[in-house]
Amino acid sequence: MPDKLRSKQDLEALQKELINAREPGKPLIAVCNGTACHPYGCAQIIEAFKQELSKQGLEKKAELRITGCHGLCEKGPIAVIQPGDIFYQQIKLEDVPEIISETINKGNIIDRLLHTDPITGNKVIHRNEVPFYRKQNRNILGNNTEINPIKIEDYISTGGYTALAKALFEMAPEQIIEEIKRSGLRGRGGAGFPTGIKWESCRHAPGDIKYVIVNADEGDPGAYANEGLLSGNPHSVLEGLIIGAYAIGAHQGYVYVRNEYPLALANITIALNQAQQLGLLGDNILGSGFDFNVRINRGGGAFVCGESTALMASLEGKVGEPRAKYVHTVEKGLWDRPSDLNNVETWSNVPLIINKGADWYRTLGTDGSKGTKIFSLVGKINNTGLVEVPMGITLREIIYDIGGGIREGKKFKAVQTGGPSGGCLPESLLDLPVDFDELTKAGSMMGSGGMIVMDETTCMVDIAKYFLTFLEEESCGKCVPCREGVKRMRQILDDITEGKGTEEDIDLLERLSATLIDSSLCALGSTAPNPVLTTIRYFKDEYEAHIKEKRCPAGVCKALIHYYIIEEKCPGCGLCVKACPQEAITFMGKKKPVILDESKCIKCGACYDACKLGAVGKE
Amino acid sequence: MDKKVSDIINKYNGDRGQLVSILQDIQSEYYYLPKQALIQVSETMAMPASRVYDVATFFRAFSLEPRGKHLINVCLGTACHVRGAIRVLETIERSLSIKRGETTKDRKFTLETVNCMGCCAVGPAAKVDGEYFGHMSTDKVDSLLTKFE
Amino acid sequence: MITLNIDGRELKAEEGQTILQVARENGIDIPTLCHHEAIEPYGACRLCIVEISKGKRTKIVTSCLYPVEEGLEVKTGSPRVISNRKMLLELLLARCSKNKVIKELALQMGIEQPSFKPEYLEDNDCIVCGLCVRACEQVVGVSAISLVNRGITKEPASPFLEPATACIGCGSCYYICPAGAIKMEDKGDTRIIYNWKVEFKLKKCKVCGNYWAPEKQLEYIRKKWNLPEDFFDICPTCK
């Protein structure tokens, strides 16, 4: 760890020193150690790289950089080799020695590890040739591959904390706020409130003690964009937070990290300590006279704590119950003091804006939504991963050009954004530009970044039921409309998916929705109807099939489907017989199709999963 | 007075605002929140027992019942859901004869669900004792469970 | 002094007052369940919602918490308010289908049966308004009980669902509960509050011989206000 930095000049000197120490042209392996790569065994692969470099005597000649998420999670484990920006994917343990001996030592490419362009069928060598990356603007996430998140020197050598120095020594707090306002930055947590105005209100609120908070309680199921950013580049969030604290006049900050994100928690904790040691956090930051301390709090497994007042209640050691926001939290928030709460991604945008200016920032995006947005593109998509796109790009471009289209050759049905507060958009809206206001107009919302793609095997009624079930569990239970209303809506959806739906159900769902929207205490309740209302709006035919015909067109709702044996395809191997927990399938001898007794079948799907020959049908 | 609990309280300077973090550390230590520990927290930090208890029952991370030796977390996030996570969960429930949120009689497994762990690329995903398992399906459940003693 | 308009009437209010306070001062009726003057407003039942506008847009807010503003226009019975309130009562009725108080309130709004299937109707008395818990914390100051769990199973309860050791038996919870969900009985020399699984010995008046208040409650008050040992030996009626 370098010596404590006591001035802007110290930081600049350290930066120069670190840049000079970098040897351009020196072979480098940047391996992804993101959470999404862990199930692939990336930890073992990294260990193998370490050992192999040593074994081949190359530990001085080549550098191994352990990084955060590279973005193309579908193809993990991933490594990018320099020089040449060579992109290797789906690396196995047995590939490691060869990567070292061939690519690192001799500069040779290993074909089988290259990405294949799905359209041309050709292998691509360089990262920027991978179609997944081509239409992205990885202004923020792109830095993940350039740094080891738990090495502050890496962050500094790539220009980190320059924005902080500029803010502290060349700009007055009001100037900083003006720059953020001009940039058009809107909150990336979901609501999209103009960040600059929020900061300004907080600065002007009466009171000497103020707080700044990082909301890292990314609770939308299917969204892990914040996770990839916080664990991959925690310093970018921290730098933004310190700048914001300075602009607002806060001396205490909090990072509220979701309990289910151990890697992000570990990395932000290390980053904090390192920043402290270097004098970038704490008393008299960089000799500027500005004091600022940060504490990390863990969530306890409550989606509602992503709501600002519930989060603040949790920070006060209480249950995560929201409260009315007729008096805004920027005036009376944590401990009844002026508090500015922003999302992880919002904070990360700040150093970028300060370094490059609001004018530069405004060149990307639409009139109402500037800059980029990070999405976790997941579900029935080929290129699952974290993408960063300019506001205004269409859903079609994201799903097809970047996402590579629908998995397993299936057909697109819907895309869900905004988590449980958002909505499902159909094929007819694929050319919708991704923008706060456009998404809201269509009945959905931006949310924190989850983008879930669905195909013909997804039942939209089941999706509505899924979200209501989720919200019923996560509701804090304080207010009547949410606690009782979501439960009743879920019961109706249960009935519909079990073939017990009636004609009046849609009307009742809409009446309940109106009450939840109007009279809920917080946004969990008031946006709970969105998944239901959008699926009714865009997929009414599926509701009608379930209600009138007692049929599930997508083949999902257990009570309305049945499994059967496709005799022509069944060779009598008996795999399904073994898999069935109810002994509902009888083995009839080799080369004879098995017999499925529907009266014993509990529709668990085990036979369907076990059969590799497509001999089990479902409808 | 449990020394481990006192140490944890002291680590956070008995700060009431850190109650959730304190309970989390106690949970990490004992794999659940023992009643005596909660009473000790209430007495040491001069907080009503009712206030400690309501926080302990509000957050899903906390268990007031002793957990099993191995904690299974099945992800029910939206991306995993559309890839069939529910069927995986039901298979595990059937295999272990427990429902989600419960512990097996022999205290070997506790089955919980989680709403997104950030492994959507390998969904349906599950985690057992901190180890991740991707591309789960109903036919992989048995081999997963036999991995754990 | 602030001037605002409620249901077409120009009214004067003080800075810091809520719409509900001003309405009640002026005889305008707004229904509430989780509200009580002695307790901080909570905003849980949502029955007190009103429609406000300041310029073009209108929105629904809870009058118990919304601070008055100059020029605010409030409608306590607009169609939007009424339709919301009706559904709220349907939801409460579905939860407490046999509770007298809720049935009466619902009937006042013309609701006899909620729109949900009969097999899903519940038979609770508690509406989770939190008044018992809040009174115990804010007025009595012992916080013997709290709202435990989350969501549909949220309910007031004693710690660990065991006899509430901090309870002094004052019965504030019983008296403040709007739905009669607290069961308390004085039987001879004993008071039982069933919900918190507690029993108290009642103090006997030295003069009339009646059992009039739990000894534990009196001891609590005596200690709190530094009163002499025999202060409560005679009941208020005899004094």
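This section describes the domains, interfaces, cores and local backbone features of a predicted model.

Chain A is divided into five stretches by the domain assignment: domain 1 spans residues 26-131, domain 2 spans 152-361, domain 3 spans 372-455, domain 4 spans 460-548 and domain 5 spans 562-618. Between domain 2 and domain 4 of chain A, the distance from centre to centre over C-alpha atoms is 34 Å. These two domains are nevertheless in contact, with 10 residues on the side of domain 2 of chain A and 8 residues on the side of domain 4 of chain A. The domain 2 side of this contact comprises 7 nonpolar residues, 1 polar residue and 2 charged residues.

For chain B, the assignment yields domain 1 (3-58) and domain 2 (70-146). The C-alpha centres of these two domains of chain B are 29 Å apart.

Chain B contacts both chain A and chain C. Towards chain A, 39 residues of chain B are in contact with 48 residues of chain A. Several elements of chain B each supply at least two residues of the side that touches chain A, namely helix H2 (19-30), helix H4, helix H5 (78-82), helix H6 (85-96) and strand S4 (131-133). In terms of residue class, the side of chain B that touches chain A has 19 nonpolar, 13 polar and 7 charged residues. Towards chain C, 9 residues of chain B are in contact with 11 residues of chain C. Helix H4 (residues 49-58) of chain B provides the largest share of that side, with 7 residues. Helix H4 of chain B is thus represented in the side that touches chain A as well as in the side that touches chain C. The side of chain B that touches chain C consists of 4 nonpolar, 2 polar and 3 charged residues.

The secondary structure of chain C contains 6 helices and 11 strands. Along the principal axes, the C-alpha atoms of chain C fill a box of roughly 65 × 50 × 30 Å. Chain C has 239 residues, of which 42% count as buried. Considering contacts in chain C between residues at least 6 apart in sequence, 53% join residues at least 24 apart.

Nonpolar side chains in soluble globular proteins tend to be buried together. In the present model, the largest nonpolar core has 296 residues, and the members that touch the most other members are A:Val31, A:Val214, A:Ile242, A:Ile243, A:Ile398, B:Cys75 and B:Ala125. Outside its neighbours within four places in sequence, A:Val31 is in contact with A:Cys42, A:Ile45, A:Ile46, A:Phe49, A:Leu64, A:Ile66, A:Thr67 and A:Ala79. Another core, of 17 residues, lies apart from the largest one and includes A:Ile585, A:Val594, A:Tyr608 and A:Ala615.

A:Gly617 is located in strand S19 (residues 616-618) of chain A. Because 15 other C-beta atoms lie within 10 Å of A:Gly617, this residue is partly exposed. Its contacts, leaving aside neighbours within four places in sequence, are with A:Tyr563, A:Tyr564 and A:Ile566. A:Gly617 and A:Tyr563 are separated by 54 residues in sequence, whereas their C-alpha atoms are 5.6 Å apart in space.

Two cis peptide bonds were examined. One is the bond from A:Gln82 to A:Pro83, with omega near 0 degrees; A:Pro83 belongs to the loop between strand S3 (79-82) and strand S4 (86-88) of chain A. Another is the bond from B:Gly123 to B:Pro124, where omega is also near 0 degrees. B:Pro124 lies in the loop between strand S2 (109-114) and strand S3 (126-128) of chain B.

Positive phi values occur in chain C at residues other than glycine, including C:Asp7 and C:Leu161. Phi of C:Asp7 is about 50 degrees, and this residue is placed in the loop between strand S1 (2-6) and strand S2 (9-13) of chain C. C:Asp7 counts as partly exposed because it has 15 C-beta neighbours inside 10 Å. For C:Leu161, phi is near 60 degrees. C:Leu161 is found in the loop between strand S7 (155-157) and helix H5 (172-176) of chain C, and, since 13 other C-beta atoms lie within 10 Å, C:Leu161 is partly exposed.

Note on methods:
Residues numbered from 1 in each chain as written. Chains lettered and ligands numbered in written order. Predicted model: local features only at pLDDT ≥ 70, side-chain atom pairs only at ≥ 80, totals over all residues. Domains from an automatic or database assignment. Contact = placed C-beta atoms within 7 Å. Nonpolar A, V, L, I, M, F, W, Y, C, P; charged D, E, K, R; others polar. Helix = DSSP H or I, 4+ residues; strand = E, 2+ residues; numbered from the N terminus. Buried ≥ 20, exposed ≤ 12 C-beta atoms within 10 Å, placed from the backbone. Core = buried A, V, L, I, M, F, W, Y, C linked by C-beta atoms within 7 Å.
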